[in-house]
Amino acid sequence: MARDWATLPKVELHLHLEGAAPPEFIRALAAEKGLNLGHIFAADGSYDWADFSEFLAVYEVATSVLQTPEDYTRLSEAVLRARAAEGVIYTEIFLAPQLCAADGSAWADVFAAIREGAARVPGIEARFIPIAVRHMGPDDALRVARIVADTPGASGFGLAGDERQYDVDAFAPAFALAREAGLGLTAHAGEICGPESVRATLDALSPARIGHGIAAARDPALMARLAEEGVVLEVCPGSNIALALCGSWAEHPVAALDRAGVGVTLSTDDPPYFHTSLAQEYAALNEAFGWSRKTFTRLNRLAMRAAFCDDATRTRML
Ligand code: ADE
Ligand code: ZN
């Protein structure tokens, strides 16, 4: 069924580069380097985690295998080829300088390598949004924002990681610096925490987009605010279901958010971790809510309006 949706041109605004690494890719690279990763794989070869905290821990161990710019070129080429094969024509890729270039001096080389890998793939346009990892703290986030602002090539700046850690206000200086540098802003919020986290994020960081934001569906006044302010949500239903933040596709709040006039877009977050693909997400949403090509095309047009790209790219895409 997923194959039907592969022919529809799709836009994906929320895809983590490290989180899109297939387990086979990480296993092969670990073998080449003689690294022992411990117990991050299940018997069937997939990533093995049981809850949000474990997911983040496994993610960081798997990412530790990526060590050189060449590793990143291979990964970004593989990730972009997989997205292009399922009909994604434009994507915005999150990547974490704290994980791929802990020593900031390596960032320019690693980032150039990532862009080179992406440029090898025809039929798909990519933009890059370096993110600060929230549980690594606000001081380090400010350091990352500075590095990102000083290195040409990024389209945005974001905040991901464990939303339960630190007061979001502490990240305001990093976001102010990124805004000053002309970067588009997005922050994960309302994924594992409630509507108050989304509200606090809007107040503290004024991002153009929120990663996930699904908790807003529990708060009509907040949905009205998001709609009124035109803040767009990067919704990743399969991720939310896999992480047990939402019971089932039929119960997922994406349809209620859309009905309330909130701008929603559709993404996969970390597809191999959640056993999903964007084409599979469309198939599941079609089944759960009867969403048709017409609905998906509307959401893809909205995604391009919210994309961190120039107007020429925007109109060329959809
Ligand atoms: N980093 C990668 N995937 C993430 C998610 N779903 N939530 C927070 N941080 C992440
Ligand atoms: Zn994410």
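This is a short talk about two helices, a nonpolar core, a ligand shell and two loop residues in one predicted model.

Okay, hi everyone. Keep in mind that this model is predicted.

Let's start with helix H6, residues 107-119. There are 13 residues in H6, and from first C-alpha to last it reaches 18 Å, close to the 18 Å you'd expect at 1.5 Å a residue. So which residues of H6 are buried? They are Trp107, Val110, Phe111, Ala113, Ile114, Gly117 and Ala118. Those residues cover an arc of only 160° around the axis, so they sit on the same side of H6. If that spacing looks odd, remember that an α-helix has 3.6 residues a turn, so residues three or four places apart point the same way. And what do the buried residues of H6 pack against? Helices H4, H5 and H7, plus strands S2 and S3.

Now jump along to helix H14, residues 293-306. With 14 residues at 1.5 Å each step, H14 should span 20 Å, and its end C-alpha atoms are indeed 20 Å apart, which agrees. Its buried residues are Phe296, Leu299, Asn300, Ala303 and Ala306. Look down the axis of H14 and these fall within an arc of 120°, so they line one face of the helix. The cover over them includes strands S1, S6, S7 and S8, as well as helix H13.

Next, the core. In soluble globular proteins, nonpolar side chains tend to be buried together. Here the largest nonpolar core has 96 residues, and the members touching the most others are Ile114, Ala145 and Ala216. We've already met Ile114, as one of the buried residues of H6. As for Ala216, if you skip residues up to four places away in sequence, its contacts are Gly190, Pro195, Val198, Leu222, Met223, Leu226, Leu257 and Val262.

Then there's ligand 1. Around ligand 1 you'll find His16, Gly19, Tyr59, Ala160, Gly161, His188, Glu191, Ser239, Asp269 and Asp270. Sorted by class, that shell has two nonpolar, five polar and three charged residues.

Last stop, the backbone. Ala244 isn't a glycine, yet its phi is positive, about 60°. You'll find Ala244 in the loop between helices H11 and H12. Is Ala244 buried or exposed? It's exposed, because just 10 other C-beta atoms lie within 10 Å, and the cut-off for exposed is 12 or fewer. His275 also has a positive phi, near 50°, and isn't glycine either. His275 lies in the loop between strand S8 and helix H13, and it's exposed, with 11 other C-beta atoms within 10 Å.

That's my tour, thanks!

How values were computed. Residues numbered from 1 in each chain as written. Chains lettered and ligands numbered in written order. Predicted model: local features only at pLDDT ≥ 70, side-chain atom pairs only at ≥ 80, totals over all residues. Helix = DSSP H or I, 4+ residues; strand = E, 2+ residues; numbered from the N terminus. Buried ≥ 20, exposed ≤ 12 C-beta atoms within 10 Å, placed from the backbone. Expected span 1.5 Å × (residues − 1). Arc of directions from axis to C-beta. Contact = placed C-beta atoms within 7 Å. Core = buried A, V, L, I, M, F, W, Y, C linked by C-beta atoms within 7 Å. Near = placed C-beta within 6 Å. Nonpolar A, V, L, I, M, F, W, Y, C, P; charged D, E, K, R; others polar.
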